[in-house]
Amino acid sequence: MHDFGFLRIAAAIPSVNVADCSYNIKSIINQIDQACQHNAEVVLFPELSVTGYSCADLFAQSVLLDSAVAGLEAIRQHSAGLGDVLIVVGAPLKNGDKLFNTAVAICQGCYVGVVPKTFLPNYNEFYECRWFASASECNAGSITIADTTDIPFGTDIIINKGSARIAIELCEDLWTPIPPSSYNAVAGANVILNLSASDEVIGKHAYLFDLIKQQSAKLRCAYVYSSAGFGESSTDVVYAGNGIICENGRCLAKTARFVTNPQLAIADIDVERLTTERQKANTFRSETPIPDSMTVDVPSVIRHFSDAPLRNDIYPTPFIPESDKILNARCEEIINIQAMGLMRRLSFTHTKHLVVGISGGLDSTLAILVAVEAFDRLGLDRKGIVAITMPGFGTTDRTYTNALLLMKHLGVTLLEIPIRDAVKQHFTDINHDISIHDVTYENCQARERTQILMDYANKVGGMVLGTGDLSELALGWATYNGDHMSMYGVNSGVPKTLVKHLVRWYASIASDNELKATLLDIVDTPISPELTPADKNGQIAQKTEDLVGPYELHDFFLYYCVRFGFAPDKIYFLAKAAFRNRFDDETIKKWLKTFFRRFFNQQFKRSCLPDGPKVGSVTLSPRGDWRMPSDASANLWLDICNKL
């Protein structure tokens, strides 16, 4: 059992009394202990939390400064019995003849390092230059606290804790054109801690929140922010308390604002995920001089997740936004991407005809909806879309009826070409027993349908529009030189779980109530290639997810395998957290093994894909984001699956 590259961090918002270090230290130590009970490995406190930020001219008083040092000593001594937790608190410290606003890192009874604030706000309500010197004013590389000498001092400190590389900046540093954290990230830091004391005015919080998310995304890092809260002076401003933890543009956890009680925001940072992001983004590391840094190692004990489950919710459908509002906007954008790609292909080839096979299932429905969008925007007659339904041995009344209704309500050219007799003749030609419902039985139907589409496209001088989706490409769930082939694969970048939402969204905006009803029934129809006969009640007997596994699981596996390169054991760990109320462990294991086996074995189908638009961050185009040998061995991945 291991930690899978996660680091648990707590952003603490303590209660403070201005200039009452004894009270503040008790509050800080109490929150450190609470964070340790939650197995936090790093605990971050606000700027000047030992004294309170709003002490003003009291920072010139030796009594306050001496009390701050005594408070740091109390925290250091307390940390000796807390294992490997890294504590970062804010305190005013002298170095030479200057006073600095600093972040003090403490671990296992030792001072790890001290980071001074670089950019001191001295405008509007801020007067920090009145009391503090900037980091740029000090050339010393070390500092003394009480009886401890030679403590690393500077803005270039990176603390190594396991796979995490932790750097620190303070409040205003983030708001500058080139924050210190940008240099730290280029030097290798993947976790940035920010101690802050930002007061509240209308609109400021939203800007700050966006700033933190953007910095974490731009630097491909975790950004952890802790800002002063209740107890700071309200003489002229108010401090609401902000604990925010972001990872590569996503907010993982945050505290409530304007509350009087101390708070902790706790999240598990996926350091491995951040590392993968940086490895893939060559522009992150190229053409940028790597600044010097001072590295300090601190202990890191591997945490067993059986004892401390993940704090973050793992969303089970990573291709689908959690918010309905965002999902609707995303659906509109995806349809626009697909339609724009198809429009360009139509205009380049000077064709006014598309040929598309309509089964009454999700994929072909999405394809024809995109085709209609493209034709409408180009000012082409929808009759130029030749939609062909080709009933076979497994076609049910439900899908057949929906196919006809869909084509009728969209106003395209409708053709019905049954394939049963042609396939029977082919069985005779190749001496195949029609009662044997094997892969030959199924693939003959798929190839007969593709032949009809291709030949009809030649007849009208048009193109065949592919309908296969990203999930089918990942699993190789397509007949080679059958539905696998087309002139343009408009759905090739859309995973199956998202196809359903796209069709449902289109139904929601449809003005034709009959079209809306048809689309919604298609969404509710079981996913099936309908290549084997229906059951005795005329219902779909061949259900894809019974054969290859639930698409929810496979899309989850696909996302974390291709997007981040995670090993099967980490994907299994994440899937258990995401689907704990849906699938048991054995079910997840079974289909995870199926995924990796099929993903490797079916690469040859992806190596010769038709063109198709990239829609999201995961795509399998051999000309784009996924280049893989068709004869690569899956043994390493399957060995891990077998040991789960």
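**Close-up views of a predicted model**

**Figure 1. Strand β9 and its two neighbours.** Strand β9 is joined to strand β10 (residues 191-196) by 5 bridges, and these two strands run parallel. The model shown here and in the following views is predicted. Across the β9 and β10 pairing, Ala 167 stands opposite Ile 192 of β10. Strand β8 (residues 157-161) is also joined to β9, in this case by 3 bridges and in an antiparallel arrangement. Within that pairing, Asn 160 has Arg 165 of β9 as its bridge partner. The hairpin of β8 and β9 has 2 residues between the strands, and Gly 162 adopts a positive phi near 65° there. Strand β9 (residues 164-170) is mostly covered, with 6 of its 7 residues buried.

**Figure 2. The open sheet of 6 strands.** The strands follow the order β5-β4-β3-β2-β1-β14, and their pairing is mixed. Strands β5 (110-116) and β14 (263-270) form the edges, each pairing on one side only. From one strand to the next, the twist averages 30°. Strands of a sheet pair through backbone hydrogen bonds, in either a parallel or an antiparallel manner. Inside this sheet, strand β2 (residues 42-44) and strand β3 (residues 86-95) run parallel and are joined by 3 bridges. One bridge partner in β3 is Ile 87, which is matched with Val 43.

**Figure 3. Helix α1 on the sheet.** Helix α1 (residues 21-37) lies across four strands of the sheet, namely β1 (6-13), β2, β3 and β14. Relative to β14, helix α1 runs at about 40°. Strand β14 is also an edge strand of the sheet, whereas β1, β2 and β3 appear consecutively, in reverse, within the strand order β5-β4-β3-β2-β1-β14.

**Figure 4. Packing of helices α18 and α20.** Two packed helices are described by the angle between their axes and by the distance between those axes. Helix α18 (residues 585-601) packs with helix α20 (residues 635-642) at an angle of about 170°, and their axes lie 10 Å apart. The two helices are therefore roughly antiparallel, given that angles over 145 degrees are counted in that class. On the α18 side, the contact involves Leu 592, Lys 593, Phe 596, Arg 597 and Phe 600. These residues meet Trp 637, Leu 638, Cys 641 and Asn 642 of α20. By residue class, the contact of α18 with α20 comprises 6 nonpolar, 1 polar and 2 charged residues.

**Figure 5. The surroundings of Asn 402.** Asn 402 is placed in helix α9 (residues 397-410). Is Asn 402 buried or exposed? Its relative accessible area is 5%, and Asn 402 is therefore buried, the cut-off being under 20%. When neighbours within four places in sequence are left aside, Asn 402 is in contact with Thr 518, Asp 521, Ile 522 and Thr 525.

**Figure 6. The whole protein, as context for the close-up views.** The protein has 20 helices and 20 strands. Its C-alpha atoms fill a box of roughly 100 × 55 × 45 Å along the principal axes. Of its 644 residues, 55% count as buried. The protein exposes about 26900 Å², of which carbon and sulfur atoms supply 50%. Among the contacts with a separation of 6 or more, 73% are accounted for by residues 24 or more positions apart.

How values were computed: Residues numbered from 1 in each chain as written. Predicted model: local features only at pLDDT ≥ 70, side-chain atom pairs only at ≥ 80, totals over all residues. Heavy atoms only, no water. Pairing = 2+ DSSP bridges. Axes fitted to C-alpha atoms, helices over the stretch in contact; angles between N-to-C directions. Contact = heavy atoms within 4.5 Å. Parallel < 35°, antiparallel > 145°, perpendicular 65-115°, else oblique. Nonpolar A, V, L, I, M, F, W, Y, C, P; charged D, E, K, R; others polar. Buried < 20%, exposed > 50% of the residue type's maximum accessible area, 1.4 Å probe, protein only. Areas by Shrake-Rupley, 256 points an atom, 1.4 Å probe, with all protein chains shown as cover.
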